[in-house]
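Visitor: Please take me slowly through one part of this model, the salt bridges, and tell me beforehand how far the prediction can be trusted.

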Amino acid sequence: MPSPFLPLVESGASDELLRALGRIGPVILDSSVSGLPQTLTSKPYKAVLSNESTVDDVIRLLDGGCEHVAIPLTLAKDVIGVVPPERIWLLLDVGNVTAISEKVRNGVSGILLKTPGDPDLDFISSFRSFFAPETQIYVHPATTTGPPSPAHIRELQRSSVTLVIPSSKLTLGASSTTQLNVSDAFLSSLVSDRPDGLFPTVVSAFNHSGKALGLVYSSTESIAKSILTGDGWYQSRKHGLWRKGETSGATQKLVRINIDCDSDALEFQVIQEGSGFCHTGTASCFGDLSGHARLERTLRARLADAPEDSYTKRLFTDPTLLRSKIKEEADEVCSAQTKEEIAAEAADLLYFTLTLCVGAGVGLQDIEASLDKKAMKVTRRPGNAKPQYLPHPTQAPIVKAGDAATPVAQPTPAPSTPDDTIKMRTVDLTTTSPSERQALLRRPVLRSDEMIQKVKPIIDQVRSGGDAALKTLTAKFDKAVLEENVLRPPFDPSAMSLDAKVKDAIDRAYSNIRTFHAAQAEKEPLVVETMPGVVCTRFARPIARVGLYVPGGTAVLPSTALMLGIPAQVAGCKEIVMAVPPCADGTVVPEVLYAAHLVGASAVLKAGGAQAIAAMAYGTETVPKVDKIFGPGNQWVTAAKMAVQNDTDALVSIDMPAGPSEVLVIADHTAEPSFVAADLLSQAEHGVDSQVVLVAINLTDSQLEAIEKEVDVQAKALPRVDIVRQSISKSLTVRTTSLEDALAFSNEYAPEHLILHLEDAPAAVKLVENAGSVFVGAYSPESCGDYASGTNHTLPTNGYARQFSGVNTLSFQKHITSQQVSQEGLKELGPIVVTIAERESLEAHANAVRVRLNKL
């Protein structure tokens, strides 16, 4: 059953109000509202069109996900017969009710009636008789003296009429003479048949195809609380009002509340967090998940902990293998004949397809949302297959029909993937709408809450089990059996033995990085006399104990060890703990150990992942506890850093949030195509989720094609071409017409790395407002900053360059302020302080000054 009222969203409605309205049903957009508010992008909505609207406007809205469109009578003759009746409402005034033809009445599924004032029930009843019983009637009073009462909403609903209430007459506060509380309006039609006045409430999983999770009870108070906060609040028959997961952490995000057909029970559609809904730790009180939801959960678990040499792990790490399996299974589904064969082959195809989705961070909820969006479209595609999947004219494959063989058309495999052009998609910034521009700025969704729940058991195990737990987890995840978790200096010279050329390169990189970071250190305190006799000082002190996470294991990443260790060394940190995933034989790669030696590491922890972060955050028998943790890592490391930062028991901070690597390159007509392509690919090879953007300033089609050709040629020559192919296909070329527009887009995007291939690149730097690090001119590749120019390569990603700096010397220091006030200074300053303290009613503050002034 729909909500007892339909909110009309007007211009100026607050995001908080819109979020609450989205939780209790669809909304309708007034014709004055241009575009769907961002707050409602995933919510059902309807729209009112004006007399100036066209058929194309109607189709555009419906194709974009609008459930129903209310059209004026002047547009009805053009729309009816073109658009399905179930998607069209008719917008009427009281005066033109009798002007409706039978064709129009049969061509719509709802009526939005605008009345001059509060609707008269007798008139509404008479008006209702003009239309079929299944036609939905909505009444929108043009002017009213005040908000409607809950009783009036209820009366209209009993007549099968829904009242439209403008958002300006709704509030999240208490109902008044001018506004009605949203919850009061929603509760107007609910009637409990229980002595205690509660409403039975079925809780279902929005992200698991509506799977029933459990049965609870709701009160008017808990419903109002849920609508306001977006959390799952319920009414316990024993303990009163309670928030699901308050103590266990298994909280809920409320998506929508539905009322049943008798208005005496509810459904809460939620996204369940944590271990599950049931107190036993299972997903549901009615048994475990099944079907697609169960498979998704299994695949997510396997993505997290499948053994390195297992088939499942290969599927997640080898894109070519997974693509081949999907194509193989798709072909087998097409060849299957019996019901059993089709079911079995379709299941295999779904398995491998969902594996691809899970590996890319796509869940069933995302797929179902896409399906719902497709189902909303009224425009139909021709439905022709792509040429490469059509059978060759001379081909006559056969399939079995009993024991006979019958020629039938079968799809042929697509052309070999390695031959496909590796190309970025292109958009023109001058023709994009504001909403489309915002979409260009978005990064992949980081499901941090889910990952934090996954790392918590690892963190708890290290916290309770100490060194023994650390060894167990290192054996499980890093496949290394350790005798000791920590190496202490002096490190064994034989364990740092390096090729002379490599050692020289590391030494010179160390020198450059140290020179730049030493220059950042504050030499003298800041001293300011703010008024005579009042001296304020700010001085820096090193963070005493820091933890540096260096990803790797079998990989060789001395650059990260230098980038994190040198500023810690320059800042004067007393304890530098460096965590490095060990090799399978339990050793640390010599390049990283040598870098640890150079930066003066006081301990090298042979562990990676969440277990290393936990060990540094809480300390173990041999691992020193640190005060701040730095360093990049995968989603497990990032989630662990976020988890320990939020734990007051750990009392530890982190450098910054982390996300996939990213680069934005701005190029004009002077740019060398091979340089631009190489810079784009240098970040694209990091991973399939790397973010790569080219902003082209007034480049001709031929100039842009030259860059695209270089991208394709250079990418296919790289060892990591399979990764590059995937990241580049999701990457973006943005065409602009001026340097100012290009930098404006870049500042909105706030990239980790910004590279300027411009005629006068140095002059453009003054326009840069948001970026992790800038590479100025054609001969400043991002790789230099990654390794040895001197700047730091640990930089903010995911748009956080708007708020965060990259790691630097000051990251390893904190600033302390002091003030010294003389007797003469207090005579001048004291009365000011007393006045403000008294105004704030903090008498003890004022007295601390008075007792001194009385002595002078």
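Guide: Let us begin with a term: pLDDT is the predictor's confidence in each residue, on a scale from 0 to 100. The word matters here because this is a predicted model, and the protein averages a pLDDT of 88, with 93% of the residues scoring at least 70. One stretch calls for more caution, since pLDDT stays under 50 over residues 392–416, although the model still has 35 contacts for this stretch beyond four places in sequence.

With that in mind, we can turn to the salt bridges, of which the structure holds 24. As a general idea, side chains of opposite charge can pair when their charged atoms come close.

Take Glu329 and Lys325, which form a salt bridge whose closest N and O atoms are 3.9 Å apart, a distance that still counts because the cut-off is 4 Å. The two residues sit four places apart in helix 11, which covers residues 319–335, so about one helical turn separates them. Glu329 has a relative accessibility of 5% and therefore counts as buried, and Lys325, at 15%, counts as buried too, because the limit for that word is under 20%.

A second pair, Asp712 and Lys716, joins its side chains in a salt bridge of 3.2 Å from N to O. Both residues belong to helix 22, which runs over residues 701–716, and here again the spacing is four residues, about one turn of the helix. The surroundings of the two partners can be read from their accessible areas: Asp712 is buried, with a relative accessible area of 14%, whereas Lys716, with 35%, is partly exposed.

In a third pair, Arg850 meets Glu843, and the closest N and O atoms of this salt bridge are 2.7 Å apart. Arg850 is partly exposed, its relative accessible area being 22%, and Glu843 is likewise partly exposed, at 45%. Beyond such pairs, Asp231, Arg243 and Glu246 are joined into one network by salt bridges that share partners.

For contrast, look last at a part of the surface without such pairing: Val202, Leu215 and Phe286 make a nonpolar patch of about 290 Å², and residues of such a patch have no salt bridge. Val202, one of these residues, lies in strand 11, which spans residues 199–205, and its relative accessibility of 37% makes this residue partly exposed.

Note on methods. Residues are numbered from 1 along each chain as its sequence is written. This is a predicted model: local features need pLDDT of at least 70, side-chain atom pairs count only at pLDDT 80 or more; totals for chains, interfaces and linings use all residues. Side-chain values use heavy atoms; hydrogens and water are left out. Patches are made of residues with over 30% relative accessible area and no salt bridge: like charges are joined within 9 Å, nonpolar side chains (Val, Leu, Ile, Met, Phe, Trp, Tyr) within 5 Å. Accessible areas come from the Shrake-Rupley method with a 1.4 Å probe; for residues, only the protein chains shown count as cover. Buried means under 20% relative accessible area, exposed over 50%, partly exposed in between (1.4 Å probe, protein chains only). Contact means heavy atoms within 4.5 Å.
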